[in-house]
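This report describes one protein model for a reader who is new to structural analysis. Please examine the sequence and the structure before reading on.

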Amino acid sequence: MNAITNLINKTPALWDIILLILRIWFGYVMMKSGFVLFRILSSGDERKVIEDWFGKGLHFPFPVFMACLAKGSEFFGGLFVLLGLFTRVSALFVCITMLVATISANTGIGWDVYGTITLSFCLFALMFIYWGAGKYALDNVIKQRKNTF
């Protein structure tokens, strides 16, 4: 961790570019995963699949509602992280969603593929919670505008 801190302190511009690249990648992947939300809302067949998976398979109460919360968190959380807008709060929602997905759906048989992916997304979200969005983000623009008034 000390090496990372030294890198950030010595080259803050490089760190801001790294955060920007990671935000774009993470936001895109989360939005792509969360896009299922719109299919759930528009397709009876998709809702049936979700009811079976979230309800009968994972035993969540109100399975369609819970799926919409999860996929909405992924899509809109990803969008906000990508833009660097409300980054820490958005990343927190994604982090919780990915942690629940890891624990409830991706342990056991699917751990090697799905569990490691959702856990990785959880860790990426933790990184954005801790470090924020960086210099090249709407959060930073808003912060600068507040300081000028």
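The sulfur of C95 lies 3.4 Å from the closest cysteine sulfur, which belongs to C122, and this is too far for a bond. The model is a predicted one, and the distance is computed from its atoms. A disulfide is a covalent bond between the sulfur atoms of two cysteines. In this analysis, two cysteine sulfur atoms must be within 2.5 Å to be counted as a disulfide. Seen from C122, the closest cysteine sulfur is that of C95, again at 3.4 Å and too far for a bond. The structure accordingly holds 0 disulfides.

Are these two cysteines buried or exposed? C95 has a relative accessibility of 8% and counts as buried. C122, at 5% relative accessibility, is buried as well.

## Salt bridges

How many salt bridges does the structure contain by the rule used here? The count comes to 4. Three of them are listed in the table below.

| Residue pair | Closest N to O distance |
|---|---|
| E46 and R39 | 3.9 Å |
| K48 and D52 | 3.2 Å |
| D52 and K56 | 3.4 Å |

In the first row, the side chain of E46 meets that of R39. R39 has a relative accessible area of 41% and is partly exposed.

The other two rows share the residue D52, and K48, D52 and K56 are linked in a network of salt bridges. Where do K48 and D52 lie with respect to each other? Both are in helix α4, 4 residues apart, which is about one turn of the helix. D52 and K56 are also 4 residues apart in helix α4, so about one helical turn separates them.

The members of this network can be described by their accessibility. K48, at 42% relative accessibility, is partly exposed. D52 counts as partly exposed too, with a value of 31%. K56 has a relative accessible area of 60% and is therefore exposed, since the cut-off for exposed residues is over 50%.

## The largest pocket

The largest pocket holds about 660 Å³ of space. It is lined by 28 residues, of which A70, E74, T97, M98 and A101 are the closest to its centre. Which elements give two or more residues to this lining? They are α2 (12-34), α4 (44-57), α5 (63-83), α6 (87-104) and α7 (111-131). The largest share comes from α6, which supplies 7 residues.

The character of the lining can be stated by residue class. It consists of 19 nonpolar, 6 polar and 3 charged residues.

One of the contributing elements, α2, may be considered in its own right. This helix has 23 residues and reaches 32 Å from its first C-alpha to its last, close to the 33 Å expected at 1.5 Å a residue. The buried residues of α2 are W15, D16, L19, R23, F26, G27, V29, M30, M31 and G34.

## The second largest pocket

About 270 Å³ of space lies in the second largest pocket. Its lining is made up of F86, T87, R88, W131, G132, A133, G134, K135, D139, N140, I142 and K143. Both α6 and α8 (138-148) supply at least two of these lining residues. Which element gives the most? It is α8, with 4 residues. By class, the lining of the second largest pocket divides into 4 nonpolar, 4 polar and 4 charged residues.

## Two residues with positive phi

The last topic is the backbone angle phi. Most residues other than glycine have a negative phi. In this model, H59 has a phi near 65 degrees, a positive value in a residue other than glycine. H59 is located in the loop between α4 and α5. With a relative accessibility of 62%, H59 counts as exposed.

F86 likewise has a positive phi, near 50 degrees, and is a residue other than glycine. Where is F86 found? It belongs to the loop between α5 and α6. F86 has been mentioned above as one of the residues that line the second largest pocket.

Definitions and conventions. Residues are numbered from 1 along each chain as its sequence is written. This is a predicted model: local features need pLDDT of at least 70, side-chain atom pairs count only at pLDDT 80 or more; totals for chains, interfaces and linings use all residues. Side-chain values use heavy atoms; hydrogens and water are left out. On a 1 Å grid over the protein atoms alone, a cavity is a set of points where a 1.4 Å probe fits but cannot get out, and a pocket is an open set with protein on both sides within 12 Å along at least five of seven lines; lining residues have an atom within 4 Å of a point. Grid points are joined across faces, edges and corners, and a volume is the space filled by probe spheres set on the points. Ala, Val, Leu, Ile, Met, Phe, Trp, Tyr, Cys and Pro count as nonpolar, Asp, Glu, Lys and Arg as charged, and the others, Gly among them, as polar. Buried means under 20% relative accessible area, exposed over 50%, partly exposed in between (1.4 Å probe, protein chains only). The expected span of a helix is 1.5 Å times one less than its number of residues.
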